[in-house]
Amino acid sequence: MEQITIITQYFYPSHAATAQLMTDLAKGLSQKGYRVNIFTGTQAKDTTPELSNQAIINRAFSPIAASTSILSKILSSIFFLLDALKYVILLPHTTPLLIASNPPYAGILGTIFKIVRGGKYHFLLQDIFPESAVMSGIIQQNSFLFIFFEKLIYLTYKYADNIIVLSTSMQCFLENKYPELKEKIKVIENWAVEDIISCDKQANDFAQQYNLDKDFTVLYSGNLGRLHDIETIAEAANILKNAPIQFVFIGDGAKTKVLKQAIQSNKLKNILLLPYQPREILHLSLTACNLSLVSLIPSAESIVAPSKLYGMLAAGRGIIAISSANSYIDQLLTNSGCGINTPPNNPQHLANLINELASDSIKVKLMGEKSRQVYESKYTFKRALAEYEKLLFGI
């Protein structure tokens with residue numbers, strides 16, 4: 001029986017996008033008959049009952065509670081890496097590793113595994129580090145930390161059998177930076193974690209529960225992270241505060257405080273903040289709107305690929321993206337007709353666009369229909385699973 005070991009700090013029952021994607025992947029591979037070992041830093045009393053007997057979950061010890069603070073993330077990643085190192089060193093060299101870049105320097109586990117044990121590993125990039133840390137304002141370009149991590153990450157790339165990225169933009173960035181590694185860099189785009197059956201907002205229990213079934217509703221669902229342009233959305237909501245338009249944010253992250261401050265400072269009643277919702281009701285939460293939002297700060301599309309995009313497509317809702325002109329998101333929306341891209345740092349432009357679409361129900365409906373078509377043709381889990389199976393096992 002062929003095996004794979006997945007090393008990921010985030011896994012079930014975490015709500016993080018990486019956790020849900022890695023859980024899906026482990027489940028899918030195990031159901032196809034592969035033996036899947038998972039090593040994760042996510043704590044849980046019970047493992048998920050959805051995984052087959054072919055999957056075994058090992059959980060690292062960590063005394064650090066989950067938090068969005070940088071310090072707690074660093075400390076929890078250190079505890080995870082130390083436990084994972086002990087686990088990896090004892091693995092048979094014949095079992096390949098798939099290492100998710102959470103933490104971003106987790107690939108060093110694969111480098112050690114290859115040098116010490118002679119094993120193989122594939123490095124899956126959730127974002128490109130340390131550039132992502134520079135964009136987030138965590139470290140300075142060309143600082144000692146940047147140079148240190150840049151050299152460390154290069155080692156993980158150099159010794160990896162494959163470097164998996166989530167978009168063609170990330171692929172181009174790495175190929176330009178490391179042309180000698182071009183043959184190793186593979187693109188496997190993410191997927192929607194639920195095959196959502198679309199429903200009218202007016203018949204949606206979630207929408208009714210939060211009084212979203214009457215006003216035109218714009219939804220942002222997922223991580224409110226440092227690379228997302230939440231400031232532009234918050235200011236657009238302020239511009240539209242007297243319009244019958246409701247903004248809903250489902251999730252959490254470092255920029256949740258931006259929204260809370262905007263609500264308090266501008267006395268906004270048109271922003272609703274909700275925590276992450278259980279996966280079991282995603283089909284309701286993601287369809288409790290007229291439009292969906294995805295946002296990135298300038299140039300971030302080469303560094304990260306927001307996984308929330310695929311759930312929006314599956315939900316059959318039109319999308320407004322805040323990203324740089326000609327980004328891969330801009331091209332996807334423009335070429336398919338499922339959404340409209342608007343530039344970062346331009347809240348007036350975003351507000352005008354939302355206000356215009358709120359008065360054009362036919363266009364909004366058409367964009368939603370095209371979103372679903374794009375999902376079905378390109379972003380189902382079945383497609384991604386087949387691509388991973390081919391890369392990992394040559395099938």
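Start by selecting K177. In this predicted model, K177 is partly exposed, with a relative accessible area of 27%. Now bring up its salt-bridge partner, E131: the closest N and O atoms of the two are 2.4 Å apart. E131 sits in helix α4 (residues 131-135) and K177 in helix α6 (residues 168-177), so this bridge ties together parts that are 46 residues apart in sequence. While you have both on screen, compare their surroundings. E131 has a relative accessible area of 11% and is buried, because the cut-off for buried is under 20%.

**Along helix α6 to M170**

Stay in helix α6 and click on M170, which is found there too. Is M170 buried or exposed? Its relative accessibility is 0%, so M170 counts as buried. To see what surrounds M170, show its contacts beyond the neighbours within four places in sequence. One group is L125, Q126, D127 and I128, V165 is another contact, and then there is a run made of E301, S302, I303, V304 and A305. If you want a long ruler line across the model, draw one from M170 to I281: their C-alpha atoms are separated by 31 Å, and the two residues are 111 apart along the chain.

**A stop at S299**

Next, pick S299, in the loop between β11 (291-295) and α11 (308-315). This serine is partly exposed, with a relative accessible area of 40%. Setting aside neighbours within four places in sequence, S299 touches M135 and S324. Then add S327: its C-alpha atom is 8.3 Å from that of S299, although 28 residues separate them along the chain.

**Back into strand β11**

Now move to S292, which lies in strand β11. With a relative accessible area of 2%, S292 is buried. Which residues does S292 contact, apart from its neighbours within four places in sequence? Select L219 and M312, then R317, G318, I319 and I320.

**Two more long-range salt bridges**

Your next pair is D195 and R372. They form a salt bridge in which the closest N and O atoms are 2.7 Å apart. D195 is in the loop between β7 (185-187) and α7 (205-209), while R372 belongs to helix α14 (residues 361-378), so the bridge joins parts that are 177 residues apart in sequence. R372 is buried, at a relative accessible area of 19%; the cut-off is under 20%.

Then go to E389 and K32, another salt bridge, with 2.8 Å between the closest N and O atoms. How many residues apart are E389 and K32? The answer is 357: E389 is in helix α15 (residues 381-393), and K32 is in the loop between α1 (17-31) and β2 (35-40). Colour the two by accessibility and you'll see a contrast. E389 counts as buried at 8%, whereas K32 counts as partly exposed at 46%.

One more selection for the charged side chains: show D24, E194 and R279 together. These three are linked in a network of salt bridges. In total, the structure holds 13 salt bridges.

**A quick look at helix α2**

Select K73, in helix α2 (residues 70-89). K73 counts as partly exposed, at 37% relative accessibility. Add P103 and measure C-alpha to C-alpha: you should get 8.5 Å, for two residues that are 30 apart in sequence.

**Zoom out**

Finally, clear your selections and show the whole chain as a cartoon. You're looking at 15 helices and 13 strands. Why call the chain compact? Its radius of gyration is 21 Å, close to the 21 Å that the globule rule gives for 395 residues, so the chain is as compact as a globular protein of that length. Along the principal axes, the C-alpha atoms fill a box of roughly 65 × 45 × 40 Å.

Switch to a contact view if your viewer has one. Of the contacts with a separation of 6 or more, 71% are between residues 24 or more positions apart. Buried residues make up 54% of the 395 residues.

Last, turn on the surface. The accessible surface comes to about 17300 Å², and carbon and sulfur atoms account for 54% of that area. Colour by charge to bring out 36 positive and 32 negative side chains; the centres of the two sets lie 4 Å apart.

Methods. Residues are numbered from 1 along each chain as its sequence is written. This is a predicted model: local features need pLDDT of at least 70, side-chain atom pairs count only at pLDDT 80 or more; totals for chains, interfaces and linings use all residues. Side-chain values use heavy atoms; hydrogens and water are left out. Helices (H or I, at least four residues) and strands (E, at least two) are DSSP runs, numbered from the N terminus. The radius of gyration is taken over C-alpha atoms; the globule rule is 2.2 Å times the number of residues to the power 0.38. Buried means under 20% relative accessible area, exposed over 50%, partly exposed in between (1.4 Å probe, protein chains only). Contact means heavy atoms within 4.5 Å. Accessible areas come from the Shrake-Rupley method with a 1.4 Å probe; for residues, only the protein chains shown count as cover. Lys and Arg count as positive and Asp and Glu as negative; His and the chain ends are not counted. The place of a charge is taken as NZ of Lys, CZ of Arg, CG of Asp or CD of Glu. A salt bridge is a side-chain nitrogen of Lys or Arg within 4 Å of a carboxyl oxygen of Asp or Glu.
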